[in-house]
Each structure stands twice: as structure tokens, then as C-alpha cells.
Amino acid sequence: MAPLRPLPKRLIFISIDGLRPEFYLDSRYPTPHLQRLARQGLAARRSTPIYPSVTYPNHASYLTGTYSARHGILSNSIFSWEDCKRERWYFDHSHFKCPTLWDLAREAGLKTCSLRWPTSAGAPVDYLVPESFSLTPGRPQLDWMLTIQASHPAPYIESLLRQCGREAPDGHSGYDQWMTDALIFTLQKHQPDLSFLHLIQLDHVQHSAGREAPEVDQALRQTDNRIGELLEAIDLKTDCVIFAGDHGFSDFTARVNLNTLFHEQGWITLKEGKLEDWEVIAHNSCGQAAVYTKRPWLTGQILEILEAHSHGVYQILSAPKLSGLEAFPEAICAVDAAEGFSMGDGFTGELVTSIDQTRGEHGYLAQNQNLQGGFVAAGVGIPLKKIIDSMELIDIAPTLAELMHLPMPTAQGKSLFKAWEISGTTDTWAQPGLTQHPDGPETRDPAHPYTLHNG
Ligand SMILES: [Zn+2]
């Protein structure tokens with residue numbers, strides 16, 4: 001039996017939504033803390049998300065090490081055969097079809113904390129503030145109330161509200177700051193063995209302004225400041241910290257309204273412009289859609305129509321292809337928008353509609369390099385100064401499990417410890433061919449000093 005690895009006193013796993021590898025590989029991005037961690041610890045050049053490269057399924061994979069058909073979180077929102085007029089998201093932990101790290105940690109008697117993590121409402125977590133919101137834009141008070149209502153235990157939440165603020169946080173940046181403050185408070189006061197935090201600002205700015213907008217730099221600067229605050233509150237001689245990105249981003253300037261094709265065929269019924277009933281429908285999520293039918297004998301015809309209209313604006317992923325990706329087990333196919341396109345919600349009008357400015361999107365097959373996510377780790381149990389050329393996002397959960405000495409036989413991914421052992425130490429960090437940041441010279445905030453030690 002292999003000797004047990006050094007056990008971190010605390011493992012802190014931070015999902016930076018939309019974290020791309022170049023944000024720490026290219027020194028011209030304003031991320032001094034993350035770059036220093038990546039240089040001194042372990043970093044990946046790319047981490048391939050599962051399909052669809054959408055937030056909720058990939059956050060479920062962080063916890064299970066499995067593909068979406070296995071863990072059951074197929075997309076952000078739930079496709080319902082009975083009632084697809086009402087949008088519901090996979091907010092509840094009860095949607096999981098296989099054990100999560102939280103289940104394993106509880107079984108092993110470890111103390112856990114989770115802040116703003118997708119699919120965590122009702123999770124077996126000791127200190128929990130789940131991601132929950134109303135799905136009606138522009139209702140910040142309601143979103144905050146739903147978040148607090150789903151959080152537990154009550155005395156802990158009361159202490160968080162006292163410490164970090166009672167009012168609804170101001171936008172995505174406000175939420176990230178509140179949750180970072182909450183994590184630091186929880187680490188200091190309750191010493192959880194295993195903590196999870198989901199930061200969202202970087203995802204939102206890339207959606208609204210595109211991959212390379214100035215707002216992305218601003219969000220990176222703020223996110224990196226929060227990383228700095230966290231690093232001051234932990235000790236990498238005894239703790240371990242991991243940052244990961246659930247997907248990258250691709251820019252687009254037009255949308256594909258697949259349901260216009262099905263409406264034209266009479267397969268979708270509208271009432272006052274809104275969906276009333278359907279026989280064939282595309283369930284969109286970001287840059288892709290899963291296609292469902294209540295009339296399986298129409299499948300050949302549906303595929304022919306989709307094929308005839310593809311014109312380089314999307315590719316069709318057949319049911320066998322989806323089966324190989326372990327995604328959308330009940331769909332007849334999925335449609336993946338081509339580079340420069342995303343999915344639109346229109347039922348009538350043009351199949352392809354342009355938008356007024358460049359925006360960012362994900363969800364697509366990760367064969368597009370822009371869709372790759374990031375991974376940076378440092379502290380106890382993590383090798384020093386190593387780079388992983390390529391890894392899979394589903395490898396993260398079994399790696400976390402191995403770090404915390406938790407058995408995870410249900411994972412489909414493989415612990416990264418193997419990859420760390422075979423990849424050599426590198427001191428030629430700056431590699432040619434990396435994306436060059438357009439803003440010119442490196443900018444650095446005064447970095448808080450900290451040292452990395454090998455556990
Ligand atoms: Zn995401």
C-alpha cells in the first residue's frame with residue numbers, strides 16, 4: 001500500500017467562474033497573487049470541462065469526478081417534459097445521483113463549509129450558504145432573501161450577517177466580496193477541514209463584455225485582491241488551496257434561434273408569443289442546446305431539418321456522440337453553436353439574429369481551446385513549481401479526495417497525483433505561444449508576502 005500523503009489541516013477549494021489559464025500564465029494580466037501561486041506551486045495549461053461546458057454540470061463534476069449523465073446535473077436549468085414553460089435550476093443537492101465530496105466528508109467526520117456553490121441547497125455541509133436566486137432579473141432583495149433562507153445553521157448565518165453585512169450585496173462584485181469575507185470569518189472561527197467557495201464576477205463580465213474587454217481586467221484585479229485577502233488568512237505550511245475555472249469563454253456576435261425551425265413545422269404552439277405546448281423543442285443553455293421530442297418517430301425528420309439549416313452556424317451532436325460524452329441521455333441530439341454564435345430564445349422570426357456588441361459565451365464542446373479552464377494549487381500535499389500540460393476537470397474531485405484521504409470509488413476521473421509524479425519541474429515558465437495580453441506591461445499590486453513550503 002502506498003504511504004499516505006501529508007494531510008492538509010484545511011483544504012480550501014475556490015471556483016473562479018470563467019477562470020482561463022492565460023489569466024495566470026501571462027504576466028500581463030493583473031493577477032499578481034494567482035500568478036505567484038502558479039509559479040511557486042502547481043498550475044495547468046488547460047483543464048478540459050465536461051460537456052456541456054456550463055457552470056452547474058461542471059461544478060457538480062468538481063464534487064463527484066463524474067460526467068453529467070452520471071451525476072445528474074445535466075445543465076444549469078432543468079428540462080421538464082411536463083412543464084417546460086416554468087424555468088427551474090438545479091439548486092438542490094437532492095438532484096445528485098451519485099455521492100459528492102460533501103457526502104464523503106460527512107461520512108468521515110470532517111467539518112465542511114460551502115459558500116455560493118451551485119446545487120448545494122440542502123447539502124450535508126456544516127456551514128452552508130448556497131447559490132440561490134429568483135430567476136427574475138432585477139430583484140436583488142428577493143435573491144438575497146432566498147440565499148439566506150436556504151443557508152444553515154441559523155446561529156452561524158446570524159454571525160455571518162453581523163460580520164459581513166446584512167444588506168443584499170451590491171451586484172456580482174459585492175457578492176464575491178461578501179462570500180470571501182464569509183470564508184475568511186468561517187476559517188478563523190470554525191476551522192472547517194474542507195471549504196468551497198464560488199466566485200462569479202469574472203464569469204459575468206466575460207458574458208456581458210466579451211473575453212478581452214477592459215471590464216475583464218477590472219474583475220481580475222478585484223478577484224486577485226480577494227485571493228490576496230484569503231492568502232493572508234491561511235497558512236500554506238499547513239493548509240492547501242486550489243483555484244479552478246469551470247470553463248473558458250468564446251466571443252460571439254449572433255444568436256441561433258433553433259426553436260424557430262420547430263415552430264415553422266408546427267411542432268411548437270405559442271399563446272400570445274409565449275410557449276404553450278410542444279412536440280419538438282430545443283432546451284438552450286449558453287452556446288448549446290439539447291433537442292427533445294415527444295414524438296420519437298419524427299427524429300429522422302428533425303435531424304434532416306437541423307442539417308439543412310446548419311450552414312456553418314452550428315454542428316449537430318448525435319445521440320451516440322452524446323452517449324460517448326455522457327451528456328443529455330434523453331435528448332435526440334444536441335446542437336453546438338459555431339465560433340461567433342450563441343443560442344437564442346426566439347420562437348418566431350429569423351433563425352440567426354445578430355446582437356449589438358461582442359459578448360462572451362461558453363457551453364460549447366471544449367475542442368475549442370478558448371473553452372479550457374484554469375487550475376492552480378499550492379500548499380500541503382501539492383508539488384512545487386510544476387506545470388500540468390493538460391488535465392480533465394473530472395480529475396479534480398478524486399484529487400481533492402486523495403488529498404483529504406477520502407476514498408472515492410465512484411469517480412470517473414483519475415487523481416492528478418499520477419500526473420504530478422511524471423511531469424518534471426520546470427523553470428522555463430514563460431512559454432512561447434501563450435496568449436499575449438493586449439494591455440502591455442505587467443501591472444502589479446503590492447503583493448502580500450507569503451511563502452510556499454512543501455508539505
Ligand atoms: Zn461558469
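Where in the chain is Pro 153 found? Before selecting anything, keep in mind that this is a predicted model. Now pick Pro 153, and you will see that this proline is found in the loop between helix 6, residues 140-149, and helix 7, residues 154-164. The peptide bond that joins His 152 and Pro 153 is cis, with omega at about -10°.

Next, select Tyr 51 and Pro 52, where the peptide bond from the tyrosine to the proline is cis as well, its omega being near -5°. Pro 52 is found in a loop too, namely the one between strand 3 (47-48) and helix 3 (55-64).

**Helix 10 and its surroundings**

Select residues 214-233, which make up helix 10. This helix has 20 residues, and from its first C-alpha to its last it reaches 30 Å, close to the 28 Å that would be expected at 1.5 Å a residue. If you colour its buried residues, you will be marking Val 216, Asp 217, Ala 219, Leu 220, Thr 223, Asp 224, Arg 226, Ile 227, Leu 230 and Leu 231. These buried residues pack against several elements, among them strand 1 (11-16), helix 1 (22-25), helix 8 (171-190) and helix 9 (201-209).

Helix 2 is another of the partners, so add residues 32-40 to the selection and look at how helix 2 and helix 10 pack, at an angle of about 60° and with their axes 7 Å apart. Helix 2 and helix 10 are therefore described as oblique to each other. Zoom in on the place where they touch: Pro 32, His 33 and Leu 34 in helix 2 meet Asp 224, Ile 227, Gly 228 and Leu 231 in helix 10. Sorted by class, this contact has 4 nonpolar, 2 polar and 1 charged residues.

**An open sheet**

Move on to strands 15, 8 and 16, which form an open sheet of 3 strands in the order 15-8-16, with mixed pairing. Strand 15 (340-343) and strand 16 (352-361) are the edge strands, each of which pairs on one side only. On average, neighbouring strands here are turned by 40° against each other, if direction is ignored. Strands of a sheet pair through backbone hydrogen bonds, either parallel or antiparallel. In this sheet, strand 8, residues 250-256, runs antiparallel to strand 16 and is joined to it by 6 bridges. To find one such place, select Ala 254, whose bridge partner in strand 16 is Ser 354.

**A hairpin**

Now select residues 268-271, which are strand 9, together with residues 274-278, which are strand 10; they pair in the antiparallel sense over 4 bridges. Ile 268 stands opposite Trp 278 in strand 10. The two strands form a hairpin with 2 residues between them, and Glu 272 in the turn has a positive phi of about 50°.

**Two loop residues with positive phi**

Is Thr 119 buried or exposed? Select this residue in the loop between strand 4 (112-115) and strand 5 (127-129), where its phi is near 50°, a positive value in a residue other than glycine. Thr 119 counts as buried because it has 27 C-beta neighbours inside 10 Å, and 20 or more are needed for that label.

Finish at Lys 385, which lies in the loop between strand 17 (375-379) and strand 18 (386-388). Although Lys 385 is not a glycine, it has a positive phi of about 50°. With 17 other C-beta atoms within 10 Å, Lys 385 is partly exposed.

How values were computed:
Residues numbered from 1 in each chain as written. Predicted model: local features only at pLDDT ≥ 70, side-chain atom pairs only at ≥ 80, totals over all residues. Pairing = 2+ DSSP bridges. Axes fitted to C-alpha atoms, helices over the stretch in contact; angles between N-to-C directions. Parallel < 35°, antiparallel > 145°, perpendicular 65-115°, else oblique. Contact = placed C-beta atoms within 7 Å. Nonpolar A, V, L, I, M, F, W, Y, C, P; charged D, E, K, R; others polar. Buried ≥ 20, exposed ≤ 12 C-beta atoms within 10 Å, placed from the backbone. Expected span 1.5 Å × (residues − 1).
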